[in-house]
Amino acid sequence: MLNATSLRWLLAALVLAYTGLGLWRRFTDRRTFDASDDPAGLTWTQFERLVAEFYRRKGATVTPRGGPRSDGGVDLIVTTPLGERLIVQCKHWKVLHVGVKPLRELWGVLGDEKADGAILVTSGSFSTDALAFAEGKRLELIDGRRLREMITEVKTSPLPAPIPNPVHGKSGLPCPRCGSSMVLRTAARGANAGHQFWGCSTYPKCHGTLPATT
């Protein structure tokens with residue numbers, strides 16, 4: 001049997017090994033992200049980790065939730081810098097259209113997950129029925145073409161500077177995601193609750209945000 005001293009050393013070694021594994025995974029995720037021009041060429045695990053790294057570089061905290069679980073297909077929990085909680089599903093389909101069924105399942109767990117919105121990311125495309133189902137919901141669809149554009153933008157763009165607060169709550173600048181106008185909002189939950197930020201005027205269709213000065 002292990003004595004108390006041996007047990008402490010064993011626990012310390014396990015913690016060190018776990019920390020080292022996490023650092024190595026983050027290193028490989030960053031390398032994969034920087035080297036990937038076409039997400040369709042990745043394995044499904046690389047694709048999921050690519051999406052996670054994308055949101056990390058947008059300043060979000062990402063918690064992996066993948067695996068064979070009956071949870072509506074949630075792969076990632078993304079918490080934005082403004083405290084918004086989003087559930088993300090990754091579909092690495094090179095040819096097939098993503099239909100409406102996985103969207104219904106993801107949308108069905110939104111309340112159970114206490115999430116502010118849902119995102120489905122695919123390396124392929126979405127069917128007409130899927131696009132119609134997401135219309136008007138807090139459900140963002142990102143296909144392969146748009147994902148490549150977003151990754152390129154993150155790689156080449158500097159961090160956005162805070163936008164001075166003008167009158168009437170309008171920034172006069174376009175949303176960095178869809179180009180629509182931005183409106184001044186206040187975070188309702190999370191670490192930044194009570195803080196103001198610029199949010200896309202088309203939310204929940206688009207989750208584009210920019211920081212605001214106080």
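Helix α2 spans residues 44–57, and R49 lies within it. The model is a predicted one. R49 counts as partly exposed, because its relative accessibility is 25%. Its C-alpha lies 9.8 Å from that of D75, and the two residues are 26 positions apart in sequence.

E53 is also found in helix α2. Is E53 buried or exposed? E53 counts as buried, because its relative accessibility is 2% and the cut-off for burial is under 20%. In sequence, E53 and I151 are 98 residues apart. In space, their C-alpha atoms are 9.8 Å apart.

**Packing of α2 and α5**

Helix α5 covers residues 144–156. How do α2 and α5 pack, by angle and by distance between axes? The angle is about 45°, and the axes are 10 Å apart. That makes α2 oblique to α5, because the angle is neither under 35 degrees nor in the range 65 to 115. From α2, the contact uses F47, L50, F54 and R57. From α5, the contact uses L147, M150, I151 and V154. The crossing of α2 and α5 is left-handed. I151 thus appears twice here: in the contact between the helices, and in the pair with E53.

**Rings and a charge**

How many aromatic pairs are there? The count comes to one aromatic pair. F54 and Y55 form it, with ring centres 5.0 Å apart and planes at 75°. The pair is edge-to-face, because the angle between the planes is over 60 degrees. Both F54 and Y55 are buried. F54 also belongs to the α2 side of the contact with α5.

A lysine meets a ring elsewhere in the chain. The charged end of K137 sits over the ring of F133. The distance to the ring centre is 4.2 Å.

**A loop residue with positive phi**

K114 lies in the loop between α3 (100–108) and β5 (117–122). Its phi is positive, at about 55°, although K114 is not a glycine. Most residues other than glycine have a negative phi. Is K114 buried or exposed? K114 counts as exposed, because its relative accessibility of 62% is over 50%.

**Strands β10 and β11**

F197 lies in strand β10, residues 196–200. F197 is buried, with a relative accessible area of 11%. Which residues does F197 contact, leaving aside neighbours within four places in sequence? They are L82, V183, L184, R185, T186, A187, T209, L210 and A212. L82 is 115 residues from F197 in sequence. The C-alpha atoms of F197 and L82 are 7.7 Å apart.

T209 is found in strand β11, residues 209–211. T209 is partly exposed, because its relative accessible area of 34% falls between the cut-offs of 20% and 50%. Leaving aside neighbours within four places in sequence, T209 is in contact with L82, P176, M182, F197 and W198. L82 is therefore a partner both of F197 and of T209. T209 and G199 are 10 residues apart in sequence, with C-alpha atoms 4.5 Å apart.

The table lists the residue pairs described above by sequence separation and C-alpha distance.

| Pair | Separation in sequence | C-alpha to C-alpha distance |
|---|---|---|
| R49 and D75 | 26 residues | 9.8 Å |
| E53 and I151 | 98 residues | 9.8 Å |
| F197 and L82 | 115 residues | 7.7 Å |
| T209 and G199 | 10 residues | 4.5 Å |

**The chain as a whole**

The protein chain has five helices and 11 strands. Of its 214 residues, 39% count as buried. Among contacts with a separation of 6 or more, 52% join residues 24 or more positions apart.

Technical notes:
Residues are numbered from 1 along each chain as its sequence is written. This is a predicted model: local features need pLDDT of at least 70, side-chain atom pairs count only at pLDDT 80 or more; totals for chains, interfaces and linings use all residues. Side-chain values use heavy atoms; hydrogens and water are left out. Helices (H or I, at least four residues) and strands (E, at least two) are DSSP runs, numbered from the N terminus. Buried means under 20% relative accessible area, exposed over 50%, partly exposed in between (1.4 Å probe, protein chains only). Rings of Phe, Tyr and Trp (its six-membered ring) pair if their centres lie within 6.5 Å; planes under 30 degrees apart count as stacked, over 60 as edge-to-face and the rest as tilted. A charge sits over a ring if NZ of Lys or CZ of Arg is within 6 Å of the ring centre and within 35 degrees of the ring normal. Axes are lines fitted to C-alpha atoms, for helices over the stretch in contact, and angles run from 0 to 180 degrees between N-to-C directions. Angles under 35 degrees count as roughly parallel, over 145 as roughly antiparallel, 65 to 115 as roughly perpendicular and the rest as oblique. A crossing is left-handed if the near helix is turned anticlockwise from the far one by less than a right angle, and right-handed if clockwise. Contact means heavy atoms within 4.5 Å.
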